[in-house]
Amino acid sequence: MAHAYTPGLKVTEGMTIEKNRRLPLEGEVLVETGATVKAEDIVAKADLPGNVQLLNVANLLSVPPEEIAEYMLKPEGETVSEEEIIATTKGLFGLFKSQARSPIAGTIESISDVTGQVILREPPIPVELKAYTDGTITETIPNEGVTVETYGTYIQGIFGVGGETVGNLIMVANAPSEELTAEQIQPEHKENILVGGALVATDAIQKAIELGVHGIIAGGIDDADLRQLLGYELGVAITGSEELGITLVITEGFGSIAMAERTFALLKEREGMKTSINGATQIRAGVVRPEIVIPLVTETENTDIDAPAGMLEVGSPVRVIREPHFGKLGRVTELPIELQKLETEAEVRVLQVEFEDGEKTTLPRANVEAIEER
C-alpha cells in the first residue's frame, strides 16, 4: 500500500498528553513527582528582576561625581520608597539644600562615583507557572519546571490568538455550519469556553470579552475582523501573547468555513467538561499549533497503535491548506508514485482526494495536511 508523509493536524478522541511547563528563569518548583494537580494549580514560581532606572544624583545636587557617596542618605542594597529623599547637600546654614528623590519604589542597586549616577531597581515581578491541565506530575526539573501528564481528548487548530486559559466547554452552535452570533452569548457563559460553528465575528468576540468568557472555538474568522480585533495587521510572528481578555482557537481557517464534522461531534461529546485551550500559533519554522485539551475523568486505556505522525495512505482524512480549495476536507483516494508536472512546470508528487461533497481532484501533496484520527 502506498504511503506518504505530510504535516498533520491532530483530532484525537483519547490519547496520553504530556505538557512541559518551564519557567522563563530559574525559580522554585512547588510540586513533587507523582502529585495530582488541577489546571489552576501553581506548580512553579520565580521572580523576574524589576526594571532599572538611572538617577543622575551628581547633576541634581550640582556636585562632582566622585563626591556623591558623602551626600547619599542610603547605601547600596537599601530599599527606598517613591519620592523618598536619597541624597542631599548640607546647604548654607541649613538652607538652600539640593535634594535627589527616588522616582520609584525599589532598591538602590549601585552608586557610581565615576558617572555620578545611582541605579535604582523596581521590585521583582512574580511569575507563577500553572499546571494548565488537570493531570499528574511525571517529572520535575529542579528550579526549572515540571512535566504534566494527562489522558484526554486533544485537538489542534489552524490558527489562534491569546494565551492559555481554562473553562467548561459549552456548545453554542447547533451545527458545524452555524455562525456564532453575539445574541447567542449570554451572561451565564462567563468563565466558560464556547464552541461556535462556521464563523465568529468581531461583535460576538467583543460581547464575549465584556461578559468574561474565557475562550471561543470556531471554524473560521475573517481576516478583517481579526485585524479590527487586534488593532494591527498580524505578521508572521508567533501569537499567544495578545492581551485581549479572551483566547480564540480557529479550527479550519480564514473566512466562513464550517467546522469539520468530526471535530464538532467530538466537542459536542465533551460538552460540560473542563477544557484547557491555548491560542499560540507559529506558521513558519518551528510550527506551533493552537490546541484544545480535554482531560477525561475516567482514564480509558488507549489500545490504538500509534502511527507515525503525518502518514498518509488511501482513506486518510486531509485538509487542503492552499487555494483554490483552501479549507476543504476530504479523503485520499489515490497516491500516485510518479511525479506529475504542474502548470508552473515544476514536477511534484501528488495525491487524489475526494471532498465531502463528492468532488474529486488531484493536488500536490504539499497542499494538504493530514488530520490524525484515533
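Let's start with a pair of residues: glutamine 53 stands opposite leucine 120 in β11. That pairing belongs to a run of 5 bridges that joins β6 and β11 in the antiparallel sense. The model is a predicted one, and this briefing moves from that sheet to other parts of the fold and then to the protein as a whole.

**The sheet around β11**

- The open sheet that holds this pair has 4 strands in the order β6-β11-β10-β7, and their pairing is antiparallel.
- At its edges stand β6 (52–56) and β7 (79–80); each has a single partner strand, so one side of each is left without a neighbour in the sheet.
- Within the sheet, strand β10 (residues 106–111) and strand β11 (residues 117–121) are paired by 4 bridges in the antiparallel sense.
- You can follow this pairing residue by residue: serine 110 has isoleucine 119 in β11 as its bridge partner, and isoleucine 111 stands opposite valine 118 in β11.
- β10 and β11 also form a hairpin, with 5 residues between the two strands. In its turn, glycine 116 has a positive phi of about 80°.
- The two faces of β11 have their own surroundings: Val118 and Leu120 make up the covered face, while Gln117, Ile119 and Arg121 are on the uncovered one.
- Put together with the pairings, this places Leu120, the residue opposite glutamine 53, on the covered face of β11, whereas Ile119, the bridge partner of serine 110, is on the uncovered face.

**A sheet of three strands**

- Another open sheet has 3 strands in the order β3-β5-β12, with antiparallel pairing.
- Its edge strands are β3 (28–29) and β12 (125–130), and each of them pairs on one side only.
- β3 is joined to strand β5 (residues 42–48) by 2 bridges, in the antiparallel sense.
- Here glutamate 28 has lysine 45 in β5 as its bridge partner.

**Loop residues with a positive phi**

- Some background helps here: most residues other than glycine have a negative phi.
- Serine 62 has a positive phi, near 60°, and is a residue other than glycine.
- This serine 62 is found in the loop between α1 (57–61) and β7, and it counts as exposed at 66% relative accessibility.
- Asparagine 143 is not a glycine either, yet its phi is positive at about 70°.
- The loop that holds asparagine 143 runs between β13 (135–141) and β14 (145–156). With a relative accessible area of 37%, asparagine 143 is partly exposed.

**Strands β23, β24 and β28**

- Strand β23 (residues 317–320) is covered on both faces. Pro317 and Arg319 lie on one side, Val318 and Val320 on the other, and all are buried.
- β23 runs antiparallel to strand β24 (residues 329–334), and 3 bridges join the two.
- In this pairing, proline 317 stands opposite arginine 331 in β24.
- Further along the chain, threonine 361 lies in strand β28 (residues 360–364).
- Leaving aside residues up to four places away in sequence, threonine 361 touches His325, Leu351, Gln352, Val353 and Phe355.
- Threonine 361 and threonine 333 are 28 residues apart in sequence, and their C-alpha atoms are 9.7 Å apart in space.

**The protein as a whole**

- Overall, the secondary structure comes to 4 helices and 29 strands.
- The radius of gyration is 28 Å, well over the 21 Å that the globule rule gives for 374 residues, so the protein is more spread out than a compact globule.
- Along the principal axes, the C-alpha atoms fill a box of roughly 95 × 50 × 45 Å.
- Of the 374 residues, 45% count as buried.
- Among the contacts with a separation of 6 or more, 66% are between residues 24 or more positions apart.
- The accessible surface is about 19,000 Å², and carbon and sulfur atoms account for 49% of it.
- Its side chains include 30 positive and 61 negative ones, and the centres of these two sets lie 1 Å apart.

Technical notes:
Residues are numbered from 1 along each chain as its sequence is written. Side-chain values use heavy atoms; hydrogens and water are left out. The radius of gyration is taken over C-alpha atoms; the globule rule is 2.2 Å times the number of residues to the power 0.38. Buried means under 20% relative accessible area, exposed over 50%, partly exposed in between (1.4 Å probe, protein chains only). Contact means heavy atoms within 4.5 Å. Accessible areas come from the Shrake-Rupley method with a 1.4 Å probe; for residues, only the protein chains shown count as cover. Lys and Arg count as positive and Asp and Glu as negative; His and the chain ends are not counted. The place of a charge is taken as NZ of Lys, CZ of Arg, CG of Asp or CD of Glu. Two strands pair if DSSP finds at least two bridges between them.
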